[in-house]
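Okay, everyone, thanks for coming. Let me put the structure up on the screen, and then we'll walk through it together.

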Amino acid sequence: MEYELKFSRYNEHSILIEWPAIMDENMLKDILNFKNIIEKKYIKQKVEVINAFNSILVIYNYTIDNINDEIFRLKALKFTEDDLVDSKSKLWKIPVCYDDEFGMDLNEFSKQKQLSETEVIELHSTAIYTIFFIGFLPGFLYLGGLDKKLHLDRKSTPNLDVKKGAVGIGGNQTGIYPQNSPGGWHIIGNTPVDFFNPKTNPPCVFNAGDQLKFYPISKSEFLDLEQDVKHGCFQLKPLQNA
Amino acid sequence: MLKVLQPGFYSTLQDYGRFGYRDYGVPVSGVMDSYSAQFANALLGNTKDAALIEMTMVGGKFQFLEPTTIVVSGAFMNPKLNDMPIEQHKLMHIHSNDVLHFAQVEQGFRTYLAIKGGFKSDVLLGSRSQYNPVTSNNTIHKGELVPYQSFSSLHGSNSKVKFDDSILKSNTLDVFKGPEFDRLSEKQKQQIENGEFKVSKNNNRMAYQLEPMVENDLEPILSAPVLPGTVQLTPNGNLIVLTRDCQTTGGYPRVLQLMESAINMLAQKTTGNTLKFRLKE
């Protein structure tokens, strides 16, 4: 697909590339392909490339002398088939316990949406989500694909202490808090899985472009898994998407 | 080893930053004022990524268990070695069991204690910069031992290079237009370009909030990349300047972007200090 791109200086050592302001999975593929080719062709310059819903920031480890020349170089990058990101993205299955003990806002959420708790869990755990990027906190995934029936504005007053592993809904997004943190989302469950481990490299197994699905587990399964994770006996394994 | 007798108000171990992990949502961290930190490391002949101690507002008290050479740079916190005042921005030779003591800041906000060869704490994701949850602590603690390699002073170098203290005195921040600058109304642009702002009490290694508010009706944006020095305008009109521990992406309009020199200058400001922006084309 072809999109109108905007290139601009961000600061002395970085250039921002922007796509139209929409959240779209096809556009994400285009963004990730572009990110991939920049990383490949600029390997000697050691650039760092971060992406979000509709943009890429290319961060050089030196001051850019002539911004227009550099933008021209980026615009001139040519793709070949080999440069495309593998379209067979990974599918991660994430266990979530929706028990009241963890999903403290599930009851209120279901009332506001006029759905039963079972319907909320069903809608939340049947969708396949796309990981657009990781930001906000180390290991926090920005997921696209939340069912419209579950869209609900975030709380007017944020919780000061959302627990690590909390699964929440805010606006048109769902996500997992990788650490204890303040947050304004409606918490409907919790996962025992670790989303960020600074002692492993990379510190996070997920990548932009991967897919993710939640599956419900009971409280006793949660507690068992929690022990396994604690003792390092649980490892997430991705399924290869067809 | 360096023994932390008193950590001070907010002292952290920092190097030049944690690069290459922003894709996983990991902030860059690193020294808030890279000018002062690099000045000290350069004087010691260290590489620019050598780790040093960054002290904020009130300095600490430290005992050196082995001989070495140090430089104190940045804000002025009345440093005293074994109760004798010492000069900043100059090499100081240290003997075993010497005690270095800092007080309340008198000018600027952050002081650096650099050491020959850099502090040798554990490296996590390519950096020694303290940032929880990457490192287990956010700050250094009382009683903690911070490792360094001992160096007996070989030659009594007295080298002194001029430290540019305009970083502590000036209050004009050089900025580029941010990606959403052009969405501002003329009135808002005037307010930002010609106005004077004060650092609010909400200022830390993640962000500085400014006062007064700027009347705002801009829509939020789809979450997009941000860097230290990005100035965001929130829906209720807060100007927020992101600093070294900031998140990697954000959803508020990015109206300005501080140049590196301006981030360093801001790092030396505290609650109530006055600031102006100077737009660079």
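So, strand S16 of chain B, residues 230-233. Thr230(B) and Gln232(B) point one way from that strand, while Val231(B) and Leu233(B) point the other way, and all of them are buried. This is a predicted model, by the way, so keep that in mind throughout.

Which strands does S16(B) pair with? One is strand S19 of chain B, residues 254-258, antiparallel to S16(B) over 3 bridges. If you want a register mark there, Gln232(B) stands opposite Arg254(B). Another is strand S17, residues 239-242 of chain B, again antiparallel and joined to S16(B) by 3 bridges. On that side, Val231(B) has Val241(B) opposite. S16(B) and S17(B) make a hairpin with 5 residues in between, and in the turn Gly237(B) has a positive phi of about 100 degrees.

Staying in chain B, let's go to the open sheet. There are 5 strands, in the order S2-S3-S10-S5-S8, with antiparallel pairing. Where are the edges? They're strand S2 (10-14) and strand S8 (92-94) of chain B; each has a single partner strand, so one side of each is left without a neighbour in the sheet. On average, neighbouring strands here are turned by 25 degrees against each other, ignoring direction. Inside that sheet, S3(B), residues 52-56, runs antiparallel to S10(B), residues 107-115, and 4 bridges join them. One place to look is Ile53(B), whose bridge partner in S10(B) is Leu113(B).

Now, what lies across it? Helix H1(B) does: it crosses S3, S5 (68-76) and S10 of chain B, running at about 155 degrees to S5(B). Hold on to that helix, we'll be back there for the rings.

Over to chain A, which has an open sheet of 4 strands. The order is S1-S2-S4-S3, with antiparallel pairing. S1 and strand S3 (48-51) of chain A are the edge strands, each pairing on one side only. The average turn between neighbouring strands in this sheet is 20 degrees, direction ignored. Helix H1 of chain A, residues 25-41, packs on the sheet and touches S1, S2, S3 and S4 of chain A; its direction makes about 175 degrees with that of S3(A).

For the pairings, S2 (residues 14-18) and S4 (residues 55-59) of chain A are antiparallel over 5 bridges. There, Ser14(A) has Ile59(A) as its bridge partner in S4(A). S1(A) and S2(A) are also antiparallel, joined by 5 bridges, and they form a hairpin with 2 residues between them. Across that pair, Arg9(A) stands opposite Ile15(A) in S2(A).

Right by that hairpin is a residue I'd like you to zoom in on, Asn11(A), which lies in strand S1(A), residues 6-11. Buried or exposed? At 4% relative accessibility, Asn11(A) counts as buried. Its side chain has a polar atom 3.0 Å from the backbone nitrogen of His13(A). There's also a polar contact of 2.6 Å between the side chains of Asn11(A) and Ser14(A). And what about chain B? Setting aside neighbours within four places in sequence, Asn11(A) is in contact with Phe176(B), Leu227(B) and Gln257(B).

Last topic, the rings. Over all chains the structure holds 25 aromatic pairs. Take Phe136(A) and Phe140(A): the centres are 5.2 Å apart and the planes sit at 90 degrees, so this pair is edge-to-face. Phe136(A) is partly exposed, at 33% relative accessible area, whereas Phe140(A) is buried, at 2%.

Compare that with Tyr35(B) and Phe39(B), a tilted pair with 6.2 Å centre to centre and 45 degrees between the planes. Here's our helix again: both residues lie in H1(B), residues 34-43, 4 residues apart, about one turn of the helix. Tyr35(B) counts as partly exposed at 28% relative accessibility, and Phe39(B) is buried at 10%.

Back in chain A, ring pairs link up a cluster whose members are Phe53(A), Phe132(A), Phe133(A), Phe136(A), Phe140(A), Tyr142(A), Tyr177(A) and Trp185(A).

And for anyone who likes cation-over-ring geometry, there are a couple to pull up. The charged end of Lys93(A) sits over the ring of Tyr215(A), 6.0 Å from its centre. In chain B, Lys116(B) lies over the face of Phe151(B), at 5.7 Å from the ring centre.

Notes. Residues numbered from 1 in each chain as written. Chains lettered and ligands numbered in written order. Predicted model: local features only at pLDDT ≥ 70, side-chain atom pairs only at ≥ 80, totals over all residues. Heavy atoms only, no water. Buried < 20%, exposed > 50% of the residue type's maximum accessible area, 1.4 Å probe, protein only. Polar contact = N/O pair within 3.5 Å; in protein donor to acceptor, adjacent residues only side chain to side chain. Contact = heavy atoms within 4.5 Å. Phe/Tyr/Trp six-rings, centres within 6.5 Å; stacked < 30°, edge-to-face > 60°. Lys NZ or Arg CZ within 6 Å of the ring centre and 35° of its normal. Pairing = 2+ DSSP bridges. Axes fitted to C-alpha atoms, helices over the stretch in contact; angles between N-to-C directions.
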